[in-house]
Amino acid sequence: MKRISDQMEEMLNKQMTREAYQAQVYLSYGAWAESHSFQGIATFLYGHMQEEREHMFKILKYILDRGGEVKVEAIKAAPVHPKDIGECLNNILDHEIQNSKEIDKIVKLAHEESDWATFNFGQWFVKEQIEEETLINGVIDKYNLASNQIKDNHNLYDLDKDLATAPQEATTPREETI
Ligand code: FEO
């Protein structure tokens, strides 16, 4: 028996496709970074592509768990190549912020429908989006520091090495201990 509304089923399906799109964005930018010899940045972006695919699958499983129907739809094309690392990172942050807004709509609808199961499910994504925005913002800060002092690309070289082993998660304030 289906335990989500038709509207929620549709929104979750659209979000599933949106997460697949997010994965394509990271894939495309990762390939662009690798083609420009930023192997560390590419590794970071490919790693995050995997995270987005997991998000997509998490939603798929949830729709099925609630007796809904999964609709695998066309994924729109990833954006064209950025002009430099700065544009690449800023575009990614924009995508994440947009995605957070879509997650918020799901949580809002769940609240309006008193669908507490989906409300609870949505909280995981709310937290994940806080982490992702923080993570990418932090990388942009590092990029700005590196590129502001640039003389011979040495700082960008260090940033690239740094990102090869950077975590895919950021710590959110609620997890901080003082
Ligand atoms: Fe799954 Fe980065 O949104």
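Is Gln129 buried or exposed at 2% relative accessibility? Gln129 counts as buried, because 2% falls under the 20% cut-off for relative accessible area. The model discussed here is predicted.

## Gln129 and its partners

Gln129 belongs to helix H4, which covers residues 116-148. The side chain of Gln129 forms a polar contact with the side chain of Ser100, at 3.0 Å. Ser100 is also one of the residues that Gln129 is in contact with once neighbours within four places in sequence are set aside; the others are Glu96, Asn99 and Ile103.

## Phe125 in helix H4

Helix H4 also contains Phe125. Phe125 has a relative accessible area of 2% and is therefore classed as buried, the limit for that class being under 20%.

What does Phe125 touch, not counting residues up to four places away in sequence? The list consists of Glu19, His55, Lys58, Ile59 and Ile103. For one of these, His55, a backbone distance is available: the C-alpha atoms of Phe125 and His55 are separated by 8.4 Å, while the two residues are 70 residues apart along the chain. Ile103 appears in the contacts of Phe125 and again in those of Gln129.

## Helix H3 and its ends

Helix H3 consists of 28 residues. From its first C-alpha to its last, H3 reaches 41 Å, which is close to the 40 Å expected at 1.5 Å a residue.

The N-terminal end of H3 is capped by Asp84, with a side-chain oxygen of Asp84 lying 3.2 Å from the backbone nitrogen of Gly86. At the other end, H3 is followed by Ser114, which has a positive phi.

## Packing of H1 against H3

Helix H1 (residues 6-35) packs with helix H3 (residues 85-112) at an angle of about 170°, and the two axes are 11 Å apart. H1 and H3 are therefore roughly antiparallel to each other, since angles over 145 degrees fall in that class. Sorted by class, the residues in the contact of H1 with H3 are 15 nonpolar, six polar and five charged.

## Ile41 in helix H2

Ile41 lies in helix H2, residues 39-65. How accessible is Ile41, buried or exposed? Its relative accessible area is 2%, so Ile41 is buried.

Leaving aside neighbours within four places in sequence, Ile41 is in contact with Ala33, Ile85, Asp160 and Leu163. Asp162 is 121 residues from Ile41 in sequence, yet the C-alpha atoms of the pair are 8.4 Å apart in space.

## Two serines with positive phi

Ser37 is not a glycine but has a positive phi of about 70°. Ser37 sits in the loop between H1 and H2. With a relative accessible area of 61%, Ser37 is exposed, because the class begins over 50%.

Ser114 is likewise a residue other than glycine with a positive phi, in this case near 50°. The loop between H3 and H4 holds Ser114. Why does Ser114 count as partly exposed? Its relative accessibility is 44%, and the partly exposed class lies between the 20% limit for buried and the 50% limit for exposed.

How values were computed
Residues are numbered from 1 along each chain as its sequence is written. This is a predicted model: local features need pLDDT of at least 70, side-chain atom pairs count only at pLDDT 80 or more; totals for chains, interfaces and linings use all residues. Side-chain values use heavy atoms; hydrogens and water are left out. Helices (H or I, at least four residues) and strands (E, at least two) are DSSP runs, numbered from the N terminus. Buried means under 20% relative accessible area, exposed over 50%, partly exposed in between (1.4 Å probe, protein chains only). Contact means heavy atoms within 4.5 Å. Axes are lines fitted to C-alpha atoms, for helices over the stretch in contact, and angles run from 0 to 180 degrees between N-to-C directions. Angles under 35 degrees count as roughly parallel, over 145 as roughly antiparallel, 65 to 115 as roughly perpendicular and the rest as oblique. Ala, Val, Leu, Ile, Met, Phe, Trp, Tyr, Cys and Pro count as nonpolar, Asp, Glu, Lys and Arg as charged, and the others, Gly among them, as polar. A polar contact is a pair of N or O atoms within 3.5 Å; within protein, one must be able to donate a hydrogen and the other to accept it, and residues adjacent in sequence count only if both atoms are side-chain atoms. The expected span of a helix is 1.5 Å times one less than its number of residues.
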